[in-house]
Amino acid sequence: GVQEKNAKIYADWQATYSAWKEAHPEKAAELEAAVNDDVMPAEEMMKVIPEMGTDAEATRVSGFKVIQEIAKAVPNYISGSADLHGSTRNYINDGGNFGAGFDKSYAGKNLYFGIREHAMGAILNGIAYHGIFKASGSTFLVFVDYFRPTIRVASLAELNRVSYILTHDSIGVGEDGPTHQPVETVSGLRVIPNLDVFRPSDAEETVAAYVSSVTRKEGPTALILSRQNLAQNNDVPAHERREGALKGAYIAKKETADLDLIIIATGSEVQHALAAAKDMPGARVVSMPCMELYERQSDDYKESVLPSTCTKRIAMEAGVSAPWYKYASKVVGVDRFGFSAPGDIVMKELGMSAENLASEIATMN
């Protein structure tokens, strides 16, 4: 009875699908690749994305450029925002808007979740469980705790099709004040098992972050992006920054004398580390956009970046200092809430400058 009925329904469906596949081979290939989560390798994807340029730029703006290329390389990639597309900059141009009415259709690649962060996270998980699309959702980083339970589920369930675009990443947010300035938030995400947390320092690292988010197989990725402009590390070729970031950490400036100091930084603080180390021939600067990825590298690679023979190490991030003591003996961080003022003033007053970093280095033995 039931088994025979189900067998017939299945056979009829297979016949229908085979006929459709024969009539539409390109669409069928795209669908099957989506179902099988078959995307081009990360190294290959990075090669098809143009170099980003040399001018200072906020990583959320870099992300806007990169997401256009991701949408081309991964046809089943869709993205949405909790009412902040204009600020988070993850709108897919020419992707159309998802939904009914107005200018929307069910072919749209841009989702409007409304001011409902928890619902957004839950919907992203549902899309991932369904098993065709890769989906990202965006909001300001400081709002991530509204949907933290859904991120925990995605990480626990190994939902690699999900990623989060979280902008306005630090006290650099500025005038909105301490309610909107994340300090503990990035590290609060880093403690979630199986979640990759990427805080890129420039446009080329942002390319690697996005590529990693759509090629990773083990779980979700959080992309932590800046509101304010960041300098580009143009002394390192674009492909080297991309390849290094894809390993979680890499040498952003190599020492020109015997190694006697390692400065580790991430995100907007890498530019300060590079500036502070400029006149320190024995200083190495390591950019570490993703701790989790770095920890998955081989022991040989990790030793090549952070050699155990050099124990004089200092780390810098515009956030709580605790996680960095795993890698450094001294940390320049922000272990307090911020205040309302232009972002550059808040950063300087709370020690996020090359001058303060150099002063802290001077106190080290």
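In which loop does H168 lie? Follow the chain past strand 6 (162-167) and, before helix 8 (185-190) begins, you will find H168 in the loop between the two. This is a predicted model, so please read what follows with that in mind.

Now take a look at the backbone there. Most residues other than glycine have a negative phi. H168 goes the other way: its phi is positive, near 60°. What is the relative accessible area of H168, and is the residue buried or exposed? The value is 6%, and because buried means under 20%, H168 counts as buried.

A second residue makes a good companion to this one. D83 is not a glycine either, yet it has a positive phi of about 70°. You can find D83 in the loop that runs between strand 1 (77-81) and helix 5 (85-88). Its surroundings are another story: D83 has 52% relative accessibility and therefore counts as exposed, since the cut-off for exposed is over 50%.

Let's move on to a pair of helices. Two packed helices are described by the angle between their axes and the distance between the axes. For helix 11 (residues 270-277) and helix 15 (residues 354-362), the axes come within 8 Å and cross at roughly 60°. The two helices are therefore oblique to each other, and their crossing is right-handed. On the helix 11 side, the contact is made by H272, A273, A275 and A276, while helix 15 contributes A354, L357 and A358. What kinds of residues make up this contact of helix 11 with helix 15? Six are nonpolar, one is polar and none is charged.

Note on methods
Residues numbered from 1 in each chain as written. Predicted model: local features only at pLDDT ≥ 70, side-chain atom pairs only at ≥ 80, totals over all residues. Heavy atoms only, no water. Axes fitted to C-alpha atoms, helices over the stretch in contact; angles between N-to-C directions. Helix = DSSP H or I, 4+ residues; strand = E, 2+ residues; numbered from the N terminus. Parallel < 35°, antiparallel > 145°, perpendicular 65-115°, else oblique. Left-handed = near helix turned anticlockwise from the far one by under 90°. Contact = heavy atoms within 4.5 Å. Nonpolar A, V, L, I, M, F, W, Y, C, P; charged D, E, K, R; others polar. Buried < 20%, exposed > 50% of the residue type's maximum accessible area, 1.4 Å probe, protein only.
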